[in-house]
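Biologist: I am new to this structure and would like a close look at a single part. Please take the helix that comes before the others in the chain and describe what surrounds that helix.

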Amino acid sequence: MTAYVVIDSDIADAEGFQQYVDAVFPLMEKAGARNVLDDAAPLVLEGDWSWRRLVIHEFESRQAVEDFWNSPEYAPLKELRRRYSTVRVAVGGA
């Protein structure tokens with residue numbers, strides 16, 4: 001069953017963060033994942049969410065997300081991402 005990675009990101013350095021984007025998308029594609037949404041101004045219909053940037057990625061399963069997240073190839077990219085942004089990440093789906 002499809003799993004979705006939902007990310008709320010606060011990018012501190014757009015130029016630096018672009019290095020992460022340029023490296024992560026080919027790695028995601030290799031893992032069979034795709035970017036579904038990247039919205040810098042999401043509309044909150046109810047509640048007190050204060051999204052900065054809403055990003056959604058689609059993977060074939062939750063296991064595929066975990067495999068990607070814990071892969072040795074992604075480890076240095078996590079560090080790169082953390083250097084230029086702060087994120088909150090959740091996974092939904094099986």
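Modeller: What follows describes helix H1, its partner helix and the sheet beside them. The model is predicted.

Helix H1 covers residues 14–30, and its axis comes within 8 Å of the axis of helix H3, residues 75–84. The two axes cross at roughly 150°. An angle over 145 degrees counts as roughly antiparallel, and H1 and H3 are therefore roughly antiparallel to each other. The crossing of H1 past H3 is left-handed.

On the H1 side, the contact is made by Gly 16, Phe 17, Gln 19, Tyr 20, Ala 23, Val 24 and Leu 27. They meet Leu 77, Leu 80, Arg 81 and Tyr 84 of H3. Sorted by class, this contact has eight nonpolar residues, two polar ones and one charged one.

H1 also lies across strands E1, E2, E3 and E4, and runs at about 155° to E2. These four strands make an open sheet with antiparallel pairing, in the order E2-E3-E1-E4. E2 (34–39) and E4 (85–93) are the edge strands, and each has a single partner strand, so one side of each lacks a neighbour in the sheet. On average, neighbouring strands are turned by 20° against each other, direction ignored.

Within the sheet, E1 (residues 3–11) and E4 run antiparallel and are joined by nine bridges. In one of them, Val 5 has Val 91 of E4 as its bridge partner. H3 packs on the sheet as well, touching E1 and E4, and its direction makes about 125° with that of E4. H1 thus has H3 as a contact partner and lies across the strands of the sheet.

Conventions
Residues numbered from 1 in each chain as written. Predicted model: local features only at pLDDT ≥ 70, side-chain atom pairs only at ≥ 80, totals over all residues. Heavy atoms only, no water. Axes fitted to C-alpha atoms, helices over the stretch in contact; angles between N-to-C directions. Helix = DSSP H or I, 4+ residues; strand = E, 2+ residues; numbered from the N terminus. Parallel < 35°, antiparallel > 145°, perpendicular 65-115°, else oblique. Left-handed = near helix turned anticlockwise from the far one by under 90°. Contact = heavy atoms within 4.5 Å. Nonpolar A, V, L, I, M, F, W, Y, C, P; charged D, E, K, R; others polar. Pairing = 2+ DSSP bridges.
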